[in-house]
Protein chains: 2
Amino acid sequence: MADRSAGDGTVGKALEVLDRVAAFGRPVRFTELLEDSPYPKATLYRFVQTLTNQGMLSYDSERQTYAMGIRLVRLAHVAWRQSSLAPMARPHLDALAEEVGETVHLAQLDHAQVLYVDKRNASRPVEMYSSAGKVGPAYCTGVGKVMLAYLDEAVLAPILEQQSFHRFTEHTLTDAEALKAELRAIRQIGYGFDREEHEPGIICVAVPILTAGGRALGALSVTSTTERNSLAGLEKRVSRIQQAARSIAQVSRDWGFPDQHSSNRQVETN
Amino acid sequence: MADRSAGDGTVGKALEVLDRVAAFGRPVRFTELLEDSPYPKATLYRFVQTLTNQGMLSYDSERQTYAMGIRLVRLAHVAWRQSSLAPMARPHLDALAEEVGETVHLAQLDHAQVLYVDKRNASRPVEMYSSAGKVGPAYCTGVGKVMLAYLDEAVLAPILEQQSFHRFTEHTLTDAEALKAELRAIRQIGYGFDREEHEPGIICVAVPILTAGGRALGALSVTSTTERNSLAGLEKRVSRIQQAARSIAQVSRDWGFPDQHSSNRQVETN
DNA sequence: AAACCGAGTTTCAAATAATGGAACTCAAAT
DNA sequence: ATTTGAGTTCCATTATTTGAAACTCGGTTT
């Protein structure tokens, strides 16, 4: 797992603990956290105490477990409104979903992961949060690959380094070379597929949402199953999806959406 | 504004900065933050740097503004799933919303504020996050008052202390005494109203979601307008809403939802 | 053109807080 | 009654944070 916290002192370390709790995805005991923690017991203990006091974690005293705190939901609400494409993209997502009648995803890149910021489910009304905030691997999803394809070489390289390339299905790309070739292909044609690389039977087309400068702000995808549809079938939708992507890019430009997110001015790692 | 960070060292201070950025609700310049900051320039600067490096804030280098970072969305997704009533309440919310045909809210208490964790909008499909993660004042909303009513005196007192009692409408309760009387009335009948106390023309009934021990886990409300409905009209729905609240309480018991959230073992403030 | 300004950034010694090994508590298991 | 182990506290050492002051660098005023 990435060391995002490197060089950010106490605050970075505490936030790393938050991530670890989140990674469990379920309430977790102190000892479980301690097991794969780089910190000694007393130190970890204090972090967890502090985070709990702060409402970033919540403590279930009966079961002696820690879970993610409710304060995060409040903070994320603001984050989602001001740092994601979702609010601006909403009408375009709605229209696209209605027309194509399939599941539509809007995603952005966070660190080296795909973060889904909005979703339309063909059938049922939106399931809140079940999608917004969800993360997935970048190298084996349509939206992920499409966003990676438009990253600067300098930014891409370290991301590829630290990828673990887990083989989810028999179609998963399992090494950096194969992925690089795929990214070149995506840049050629301007869109990409997920050929059952993440889940068997699940396919999708994805297009990037590009700034005037050619950087990918996010990506848009239409997902289907091999039963209902084919890659060729999805490909027919590409121009419609690209139209939506352009509209979203346009609104984001009008609203003056930042071209570069969380510019990491590197602090000496020492 | 409350000093949640009291006594939590560097991490607490940094998180307080996060809250301040969130409070602006829009991208904010460094100087704006500095204005009402208790920290000197260099110190605040380092906090903001660290938080940005950590993805908790994002920096727009063109406009030189900070916004809430996208990492929060990822973390909150987990928080919402594991520390909110929303996932368990979903089917009951759906059913209730369908039956009453009005806007339905599910809320919990965070610190001294109402935090909406889910919502059903009678007319249009759900607006994501526009509701989950939103906060409101506890003293002048139906859900807020109902939850306050079932709080222990010891917990309630300090919350009432630090309330500012802003007068939103001519019906807003504007002092602790009036509120206390209202809370007694709510405990008597087991539900409460919002009588246009927050927004003119907007009324609601709210019921608490109670644990076996009589503590309020959250609250459920049905909202309407004075044009479409009346308090008496809403009151007719109470038993149906209470039924939903009991169902949710039941599921939460079955799932072993913690009875006490983020138990604040007080650290000496010194 | 030179001086000024103010937002943003860096520096560094002093002040403060974090660290972690070890000791302690307490409930459950033997 | 004793052991075990999770959770918690202690405190001298160590490392980080702190913040006044100095610096940078566009842009503006004299």
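Reader: How many residues surround DNA strand C, and which are the closest?
Author: In this predicted model, 17 residues surround DNA strand C. The closest are Pro40(A), Ala42(A) and Arg46(A), along with Thr31(B) and Tyr45(B).

Reader: What classes of residue make up the surface near DNA strand C?
Author: Six are nonpolar, six are polar and five are charged.

Reader: Which part of DNA strand C is within 4 Å of the protein, sugar or phosphate, or bases?
Author: Of the atoms of DNA strand C within 4 Å of the protein, 69% belong to sugar or phosphate. The rest belong to bases.

Reader: OK, what does Thr43(A) do there, in terms of distance?
Author: A polar side-chain atom of Thr43(A) lies 3.2 Å from a phosphate oxygen of DNA strand C. For Arg46(A), the partner is a base nitrogen of DNA strand C, 3.3 Å from a polar side-chain atom.

Reader: And Thr10(B), side chain or backbone?
Author: Backbone: a polar backbone atom of Thr10(B) is 3.2 Å from a phosphate oxygen of DNA strand C.

Reader: Which elements give two or more residues to that surface?
Author: In chain A they are α1 (9–24) and α3 (41–53). In chain B they are α1 (9–24), α2 (30–35) and α3 (41–53). The largest share, four residues, comes from α3(A).

Reader: Changing topic. What turn lays chain B on chain A?
Author: A turn of 180 degrees, with a shift of 0.0 Å along the axis, and the RMSD is 0.1 Å. The two copies are therefore related as by a two-fold rotation axis.

Reader: Which C-alpha in chain B is nearest the axis?
Author: That of Val11(B), 2.5 Å from the axis. The same surface serves both copies, as 99% of the contact residues of chain B recur in chain A.

Reader: Now the sheet in chain A. What is the order of the strands?
Author: The order is β1-β3-β2, in an open sheet of three strands with antiparallel pairing.

Reader: Why is one side of β1 and of β2 left without a neighbour?
Author: Because β1 (28–29) and β2 (57–60) of chain A stand at the edges of the sheet, each with a single partner strand.

Reader: How many bridges join β2(A) and β3 of chain A?
Author: Four, and the pairing of β2(A) with β3 (residues 65–68) is antiparallel. Tyr59(A) stands opposite Tyr66(A), which is in β3(A).

Reader: Which helix packs on the sheet?
Author: Helix α4 (residues 71–83) of chain B, touching β2 and β3 of chain A. The direction of this helix makes about 125 degrees with that of β3(A).

How values were computed
Residues are numbered from 1 along each chain as its sequence is written. Chains are lettered from A and ligands numbered from 1 in the order in which they are written. This is a predicted model: local features need pLDDT of at least 70, side-chain atom pairs count only at pLDDT 80 or more; totals for chains, interfaces and linings use all residues. Side-chain values use heavy atoms; hydrogens and water are left out. A residue is near a molecule or strand if one of its heavy atoms lies within 4 Å of it. A polar contact is a pair of N or O atoms within 3.5 Å; within protein, one must be able to donate a hydrogen and the other to accept it, and residues adjacent in sequence count only if both atoms are side-chain atoms. Ala, Val, Leu, Ile, Met, Phe, Trp, Tyr, Cys and Pro count as nonpolar, Asp, Glu, Lys and Arg as charged, and the others, Gly among them, as polar. Copies are superposed by least squares on the C-alpha atoms of residues with pLDDT of at least 70 in both. Contact means heavy atoms within 4.5 Å. Two strands pair if DSSP finds at least two bridges between them. Axes are lines fitted to C-alpha atoms, for helices over the stretch in contact, and angles run from 0 to 180 degrees between N-to-C directions.
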